[in-house]
Each structure stands twice: as C-alpha cells, then as structure tokens.
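User: I have a protein–DNA model to go through. Can we take it one contact at a time?
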There are 2 protein chains.
Amino acid sequence: MLSKTTEYAIRALVSVELNSRKGQRPGFKTIARDIDAPEQYVAKIMQTLTRFKLLKSVRGRGGGFFFTEDYQQDIFLYDVVWIMEGKTFFTRCGFGFKHCDANNPCPLHNEYEPIREAFTQLLKKETIRSLATKIEKGEAVLSRLSV
Amino acid sequence: MLSKTTEYAIRALVSVELNSRKGQRPGFKTIARDIDAPEQYVAKIMQTLTRFKLLKSVRGRGGGFFFTEDYQQDIFLYDVVWIMEGKTFFTRCGFGFKHCDANNPCPLHNEYEPIREAFTQLLKKETIRSLATKIEKGEAVLSRLSV
DNA sequence: TTTATTAAAGATATTTAGGTCTTTATTGCG
DNA sequence: CGCAATAAAGACCTAAATATCTTTAATAAA
Ligand code: FES
Ligand code: FES
C-alpha cells in the first residue's frame with residue numbers, strides 16, 4: 001500500500017513527536033533506533049521531510065530534528081504521503097490504468113474507488129500527533145522487536 | 001496497491017475470457033495487444049498462471065491459452081493475487097510492521113484493518129468472469145488508449 | 001516430413017526502490 | 001580557538017521489479 005520509505009517517514013515523524021513530548025530533540029540515530037530502520041536511510045528521509053518543511057533541523061552539538069513553534073496546524077498523514085509518494089497516489093486506478101476516470105472506468109472502478117477513498121479519508125484524519133497520542137496512551141506501539 | 005505484474009495478470013486472464021467467449025484461443029501476443037502490455041512480459045506472466053493451473057496452454061500452430069472444461073469454479077481475483085503476491089498480501093501491516101497483530105497493534109491498525117479487509121472481500125467477490133461480463137456489457141473497458 | 005507457428009525456458013538487461021559511505025557544513029562546548 | 005557532535009549533500013552500492021532476447025520444444029498444416 002504505502003512504500004517502505006513512506007512508512008519510515010511517518011514512523012520517524014511520530015518518533016520526533018514522542019521525543020519532543022519528553023523534552024528531547026532526537027537526531028537521526030535516535031530516530032532510527034526508535035523505529036528500527038537503517039540509520040543512513042532515515043537520515044535521507046529526514047532531509048526530505050525537512051526540505052518540505054514538515055519539521056526543522058539544526059546541525060552541530062545539541063542538534064537534531066524538531067517541530068517549529070508555529071506547529072499549530074497538525075501534520076496529516078495525507079501530507080506525508082503526498083510528499084513521499086506524490087499526489088497521484090490518491091487517484092490511482094486499481095486495475096493499472098494510467099489514471100482513474102469514472103467516465104471511462106475499469107471493471108474494478110465501482111468497487112475499488114470507495115476503498116481508495118476510505119484510505120484517503122483515513123490519511124486526512126490521522127495526524128502525527130494522533131498516532132503519537134495512541135502510543136503514549138499505550139494503545140499502540142511505535143515498533144515491535146519480535147515478529 | 002497491486003503490483004504492475006499482478007495487474008497485468010488479471011487483465012490477461014480477462015482477455016482470455018473475452019476471447020474465448022468469441023470462440024478464440026488467444027496467444028500471448030494477442031493478449032499483450034488487448035491489455036496494452038509488453039509481449040514478452042505477458043508471456044512470462046502467462047507461464048506463471050499456467051504453472052499454477054489457472055488456465056491451460058497449447059504450443060504450436062493454433063495454440064494459445066484457454067480455460068479448461070472443468071472451469072466450473074470461478075477464478076477469483078483473490079486467487080490471482082495470492083499466486084502473484086503471496087498470501088501475506090492480505091495481512092500486511094499498514095504501518096510497516098512485519099506482521100499485523102491485533103494484540104500488539106500499530107497506531108494505524110484500528111483504522112487500516114477494515115480497509116484492508118474490504119479490499120480482500122472485493123478480491124474474494126470479483127472474478128475473471130464478472131470483470132469480463134462488465135466489459136462485454138459495455139460498463140467498463142479492458143484498456144484505454146488515451147490517458 | 002518439412003515448415004510455420006506457437007509456448008516454455010532460461011539468460012540477460014534495465015529501471016526503480018532501498019540502503020550505505022564519504023565528505024562537507026554547521027553548531028556548541030571546553 | 002580547536003574539537004566533538006551533528007545534519008546535509010552527493011556519490012555509490014544492492015536488491016527487487018520490470019522488461020527483453022535467445023534458444024528449445026511442441027503442434028498442426030501443407
Ligand atoms: S478507472 Fe480503475 S479505479 Fe477508477
Ligand atoms: S498491526 Fe499494523 S495494521 Fe495491524
């Protein structure tokens with residue numbers, strides 16, 4: 001569904017959120033450990049997220065990644081997916097056509113479109129904060145050691 | 001969602017169904033043209049589908065691909081996806097964990113699981129025949145030249 | 001039986017996603 | 001200032017998905 005890279009990106013942002021709730025400013029190594037992903041790959045992904053201004057970074061001693069003060073508006077998973085997968089992600093044809101077109105539908109369209117839409121709505125509803133809160137409440141986990 | 005290969009596989013089978021309704025026994029070149037996919041790649045995919053006995057092939061003059069007489073039980077899209085993507089396809093974690101586990105859920109689980117299940121049900125409901133019928137009725141198309 | 005036609009098989013090539021390494025720039029601390 | 005710690009940047013590497021090429025085997029028609 002989502003690419004591994006996008007999954008890492010979402011998990012990494014949640015890691016930053018959880019760390020900052022504890023007054024920390026994590027670096028990419030901390031994040032990578034948190035989410036059980038390759039350090040250097042996480043570093044690359046953080047570069048992308050920073051470039052797209054989903055969060056800030058500072059280099060040097062005491063540096064790391066953090067959300068800005070004007071982080072009033074939530075980061076929706078939709079935003080992350082949009083950045084990592086491109087806007088076409090939300091309108092792909094389930095049958096493999098270049099575009100979805102309800103006026104010239106593939107034979108899966110009528111069934112597939114509502115499912116794709118439900119997933120889009122999920123991504124427009126859930127935020128980095130909402131995921132972090134679930135984890136903080138113990139309702140979910142950020143990574144699993146076993147299986 | 002589905003890999004390109006799986007999409008080709010489904011479309012190829014629908015092409016065989018539509019051709020055989022017209023009394024034809026298509027070869028991989030005909031199929032490739034029907035579904036607008038690379039000939040040799042389609043050939044490879046047909047080999048896989050034949051190996052898994054979703055349909056039969058004969059070589060030589062007048063040869064091609066066709067469904068057997070005991071083709072009473074429908075071919076569900078679920079079967080095709082199972083063959084092409086593996087059984088783990090239907091139980092993947094939307095957050096990137098190795099497995100989905102409701103007892104130790106990721107923060108997307110509660111929202112994601114129903115969507116994944118809806119898609120699985122779609123694949124268990126729709127068949128190669130049902131897709132072919134939609135196309136035959138003019139309700140959908142097998143490929144699109146433009147966009 | 002020869003030939004044309006077709007799929008199977010296997011090797012190879014290309015592209016994309018995923019991942020690593022090295023160097024440079026920035027920052028804070030002693 | 002000089003050093004240690006950190007992210008950025010870019011080159012590079014690896015693995016998987018996608019695609020192609022070549023040879024072989026099977027079949028039917030002439
Ligand atoms: S045309 Fe295929 S999903 Fe809409
Ligand atoms: S644990 Fe992630 S979807 Fe079930």
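User: How far is a phosphate oxygen of DNA strand D from an N or O atom in the side chain of B:Thr5?

Analyst: This is a predicted model. B:Thr5 is among the residues that come nearest to DNA strand D. Its side chain offers an N or O atom to a phosphate oxygen of the strand, and the gap is 2.7 Å.

User: Which atoms of DNA strand D within 4 Å of the protein make up 57%, sugar or phosphate, or bases?

Analyst: Single contacts give examples. A backbone N or O atom of A:Phe28 lies 3.2 Å from a phosphate oxygen of DNA strand D. The side chain of A:Arg59 places an N or O atom 3.3 Å from a sugar or linking oxygen of the strand. Over the atoms of DNA strand D within 4 Å of the protein, the 57% belong to sugar or phosphate.

User: How many residues of the surface near DNA strand D are charged?

Analyst: The surface draws on both chains, with helix H3 (39-51) of chain A and helix H1 (4-21) of chain B among the contributors. Its residues include six nonpolar and 10 polar ones. The charged residues number seven.

User: How much area do chain A and chain B bury between them?

Analyst: The contact takes 38 residues from chain A and 38 residues from chain B. Carbon and sulfur atoms hold 63% of the buried area. The total is about 3,400 Å².

User: Which residue of chain A forms a salt bridge with B:Glu111?

Analyst: The interface of chain A and chain B has four salt bridges. In the one with B:Glu111, the closest N and O atoms are 3.1 Å apart. The partner is A:Lys125.

Definitions and conventions:
Residues are numbered from 1 along each chain as its sequence is written. Chains are lettered from A and ligands numbered from 1 in the order in which they are written. This is a predicted model: local features need pLDDT of at least 70, side-chain atom pairs count only at pLDDT 80 or more; totals for chains, interfaces and linings use all residues. Side-chain values use heavy atoms; hydrogens and water are left out. A residue is near a molecule or strand if one of its heavy atoms lies within 4 Å of it. A polar contact is a pair of N or O atoms within 3.5 Å; within protein, one must be able to donate a hydrogen and the other to accept it, and residues adjacent in sequence count only if both atoms are side-chain atoms. Helices (H or I, at least four residues) and strands (E, at least two) are DSSP runs, numbered from the N terminus. Ala, Val, Leu, Ile, Met, Phe, Trp, Tyr, Cys and Pro count as nonpolar, Asp, Glu, Lys and Arg as charged, and the others, Gly among them, as polar. Contact means heavy atoms within 4.5 Å. Buried area is the accessible area (1.4 Å probe) that two parts lose on being put together, summed over both. A salt bridge is a side-chain nitrogen of Lys or Arg within 4 Å of a carboxyl oxygen of Asp or Glu.
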